[in-house]
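Work through the exercises below with the sequence and the model open side by side. Try each task before reading its solution.

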Amino acid sequence: MSPAAKATAAKAPAKAAAKATAPKATAAKAPARAAAARTAKPSATAQDKPKKLVIICYSGELEKTWATMILASTAGAMAMETSVFVTFWGLQIFVKDKKRITGENWMQKMMSFMQRPGVGHRKLSKMNFMGMGPWMMFKLAKRYQVSKPKELLEMAQALGVKFYPCQMTLDMFGIKREDLIEGMEEPVGAAFALQLMSEAESSLFI
């Protein structure tokens, strides 16, 4: 037998072994690919599910009201499932602007007299200067094309943001359901707010 024939004969068993091994390698890869496909499916489903945001609105001061409405309307525009739990002084924001005095007894009425309710009557926590501070804030907002809190509130409601009034605060301040603006959800308690927060990706206190 010539040297060339001997070399060809030596290579033949190696090729046969390689062919026999190839199906095994392919078969070994199949479960790994299936596992990767199964892992990829939940992430795609989670991506489709809208993210949830909860804002606890407990302050009635102008700058915090503004921040609440900016974040709520922006989250609504981003198709986030947004809920705002309104409690304590934050509830005054959602009383109708034309409602001057709320409450049933003299203490409740006195509180609304000292701090007029309504989104259009908010005061600054600092540098209020008997109304001069808010006036300057609104002038600057107009110059730099920043929407007012009332406009942002209406925008947030139009985008599907839900505003939940606190039942305890309604009772304590003597605020009636008809005193509130249109579009508010039914009053809820702290347990409902905690449930919302436990299901949300983010919770903010403003």
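The exercises go from the overall fold to single residues, and the model is a predicted one.

**Exercise 1. The fold**

Task: Count the helices and strands, and give their order along the chain.

Solution:
- Start with the count. The protein has seven helices and four strands.
- Now read from the N terminus. The order is α-β-α-β-α-α-α-β-α-α-β.
- Next, check burial. Of the 206 residues, 31% are buried.
- Last, look at contact range. Take the contacts with a separation of 6 or more: 70% of them join residues 24 or more positions apart.

**Exercise 2. The largest pocket**

Task: Find the largest pocket, and state which residues and elements line it.

Solution:
- Begin with the space. The largest pocket holds about 200 Å³.
- Then list the lining. It has 17 residues, and K52, E81, T82, S83 and K162 are the closest to the centre.
- Assign elements. Two or more lining residues come from each of β1 (52-57), β2 (81-86), β3 (162-165) and α7 (190-199).
- Sort by chemistry. Nine lining residues are nonpolar, four are polar and four are charged.

**Exercise 3. One face of a helix**

Task: Identify the buried residues of α5, and say how they are arranged around the helix axis.

Solution:
- Mark the helix. α5 covers residues 149-158, and its buried residues are P149, L152, L153 and A156.
- Look down the axis. The buried residues of α5 fall within an arc of 105°, so they line one face of the helix.
- Recall the geometry. An α-helix has 3.6 residues a turn, so residues three or four places apart point the same way.
- Ask what packs on top. The cover over the buried residues of α5 includes α2 (62-77), α4 and β3.
- Finish at the end of the helix. G160 follows α5 and has a positive phi, near 95°.

**Exercise 4. Cysteines**

Task: How many disulfides does the structure contain, and are C57 and C166 buried or exposed?

Solution:
- Search the whole structure. There are zero disulfides.
- Take C57. Its relative accessibility is 0%, so C57 is buried.
- Take C166. Its relative accessibility is 5%, so C166 is buried.

**Exercise 5. Positive phi outside glycine**

Task: Locate F88 and F129, and give the phi and exposure class of each.

Solution:
- Place F88. This residue sits in the loop between β2 and α3.
- Read its backbone. F88 is not a glycine, yet its phi is positive, near 45°.
- Classify F88. At 36% relative accessibility, F88 is partly exposed.
- Place F129. This residue belongs to the loop between α3 and α4.
- Read its backbone. F129 has a positive phi of about 50°, and F129 is not a glycine either.
- Classify F129. Exposed means over 50%. F129 has 54% relative accessibility, so F129 is exposed.

**Exercise 6. A buried loop residue**

Task: Where does N128 lie, and which residues does N128 contact beyond its neighbours within four places in sequence?

Solution:
- Locate the residue. N128 is in the loop between α3 (106-114) and α4 (132-143).
- Test burial. The cut-off is under 20%. N128 has a relative accessible area of 16%, so N128 is buried.
- List the contacts. With neighbours within four places set aside, N128 touches K123, G133 and P134.

Conventions. Residues are numbered from 1 along each chain as its sequence is written. This is a predicted model: local features need pLDDT of at least 70, side-chain atom pairs count only at pLDDT 80 or more; totals for chains, interfaces and linings use all residues. Side-chain values use heavy atoms; hydrogens and water are left out. On a 1 Å grid over the protein atoms alone, a cavity is a set of points where a 1.4 Å probe fits but cannot get out, and a pocket is an open set with protein on both sides within 12 Å along at least five of seven lines; lining residues have an atom within 4 Å of a point. Grid points are joined across faces, edges and corners, and a volume is the space filled by probe spheres set on the points. Ala, Val, Leu, Ile, Met, Phe, Trp, Tyr, Cys and Pro count as nonpolar, Asp, Glu, Lys and Arg as charged, and the others, Gly among them, as polar. Buried means under 20% relative accessible area, exposed over 50%, partly exposed in between (1.4 Å probe, protein chains only). Contact means heavy atoms within 4.5 Å. A disulfide is a pair of cysteine sulfur atoms within 2.5 Å. The arc is that of the directions from the helix axis to the C-beta atoms.
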